[in-house]
Amino acid sequence: MGELKIYDTTLRDGAQRDGISYSVGEKITIAKLLDNLGLDYLEGGWPGSNPKDLEFFFRARKTAFKNIKIAAFGSTRHADAKVEEDINVKQLLEAETEVVTIFGKSWDFHVTEALRTSLDENLLMIKESVSYLKDKGKEVIYDAEHFFDGYCHNPDYALATIKAAEAGGADTIVLCDTNGGMLPLQLQEIIRQVKKVVNAPLGIHAHNDAGMGVANSIIAFQSGVVHIQGTINGYGERCGNADLCTIIPNIQYKLGYKVLDENKLKNLRKISYTVAELANMVPSASQPYVGSNAFTHKGGVHVDAVLKHPETYEHFNPELVGNRRRILVSELSGKSNILYKANEMNIKLTKQYPETEKI
Ligand SMILES: [Zn+2]
């Protein structure tokens with residue numbers, strides 16, 4: 001098993017969230033932030049889909065990144081086209097990135113109904129597109145779109161599609177839960193079957209439509225996947241992509257696998273907020289780890305206990321992701337809330353003072 005790689009798609013899949021539209025400058029700013037955080041890959045966009053994405057790749061080439069590899073995203077060649085003449089493939093190469101991520105169809109129903117081509121032609125489209133891009137010297141990541149749904153309907157064909165990508169020389173094969181409807185144990189079992197027939201490193205791309213985006217990414221990692229795709233704040237179409245702001249601390253601090261430098265991880269909350277600001281999205285207060293309510297205590301009983309031992313009502317030390325504990329004062333408060341607030345404001349009070357009782 002290789003080292004775990006984190007692949008961010010905030011700028012491509014994340015931009016498919018209703019209400020988000022980044023300027024090229026904003027995309028470059030986010031790319032630099034995620035480079036500083038220490039992520040491995042950044043999917044910059046789909047050069048074939050709009051001129052803005054092509055301009056992003058042009059500017060990204062002139063930007064010095066420390067660590068992150070920029071990936072251009074697009075599809076396999078069209079049906080019945082020559083790969084070297086295919087417009088999708090040409091535009092991917094025009095992005096001049098080190099990494100190219102292409103998606104192909106894994107679900108027979110999509111091949112015959114959406115692409116309107118034969119199952120055999122689809123296998124050729126995958127294999128030829130991957131091997132052509134490999135010949136051009138690219139690192140090729142193959143996204144197996146609708147892999148899990150495809151597997152549930154026709155496992156042999158779904159496996160044949162990723163074997164075609166492997167035969168083409170794909171560096172990583174990413175299993176996508178494109179519709180986001182899988183449950184963790186179901187997903188784990190399918191990954192187990194895939195590992196019996198594919199030797200290439202595997203990745204996961206999970207969506208959150210069943211509320212399982214993070215859980216599915218974690219169980220995929222625990223099943224031997226070495227590449228995780230997601231977005232900052234879980235931005236993405238419909239219910240979003242798997243949230244890297246939850247996945248990374250979970251793997252690093254709950255599973256004890258070092259994903260990022262721990263000092264850099266202390267910027268996670270700041271990065272989450274900066275990306276929200278650039279995306280014109282209101283940050284979610286209840287977002288795990290980085291949300292402003294993630295370590296906020298209101299009830300008197302909770303506050304009293306947390307001040308004695310934080311682990312009584314906190315699963316995690318907020319400082320590790322740059323967050324902080326907050327104590328609220330309300331009609332639900334006890335004396336501990338009042339004392340904590342007073343202390344924050346440098347007001348001397350003790351439990352014994354009559355003022356405390358009065359407040
Ligand atoms: Zn997606």
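**Entry 1: a charge on a ring**

I started at R12, which lies over the face of F73, at 3.6 Å from the ring centre. For such a contact I required NZ of Lys or CZ of Arg within 6 Å of the ring centre and within 35 degrees of the ring normal. I noted R269 and Y273 too: the charged end of R269 sits over the ring of Y273, 4.5 Å from its centre.

**Entry 2: what I am working with**

The model is predicted, so I note that local features need pLDDT of at least 70, side-chain atom pairs count only at pLDDT 80 or more, and totals for chains, interfaces and linings use all residues. Residues are numbered from 1 along each chain as its sequence is written, and side-chain values use heavy atoms, with hydrogens and water left out.

**Entry 3: ring pairs**

How many aromatic pairs does a search of the whole structure find? I got twelve. Rings of Phe, Tyr and Trp (its six-membered ring) pair if their centres lie within 6.5 Å; planes under 30 degrees apart are stacked, over 60 edge-to-face, the rest tilted.

I looked at W46 and F73, an edge-to-face pair with 5.5 Å centre to centre and 85 degrees between the planes. W46 is in the loop between β2 (41–45) and α2 (51–61), while F73 is in strand β3 (residues 69–75), 27 residues apart. Helices (H or I, at least four residues) and strands (E, at least two) are DSSP runs, numbered from the N terminus.

Is F73 buried or exposed? F73 is buried, with a relative accessible area of 4%. W46 is partly exposed at 25%. My cut-offs were under 20% relative accessible area for buried, over 50% for exposed, and partly exposed in between (1.4 Å probe, protein chains only).

Next I followed F73 to F103. Their ring centres are 5.4 Å apart and their planes at 15 degrees, so this pair is stacked. F103 lies in strand β4 (residues 99–105) and F73 in β3, so the pair ties together parts 30 residues apart in sequence. F103 is buried, at 15%.

Elsewhere, I found Y253, Y289, F295 and F316 linked by ring pairs into a cluster.

**Entry 4: the zinc ion**

Which protein donors does the zinc ion have? I found D13 (OD), H205 (NE2) and H207 (NE2), lying 2.0 to 2.1 Å from the ion. Donors are N, O and S atoms within 2.8 Å of the metal (3.2 Å for Na, K and Ca); water is not among the atoms, so sites may look incomplete. The sequence spacing reads D-x191-H-x1-H.

D13 lies in the loop between β1 (5–8) and α1 (24–37), and H207 in the loop between β7 (202–206) and α9 (213–222), so the pair ties together parts 194 residues apart in sequence. D13 is buried at 5%, and H207 is buried at 4%.
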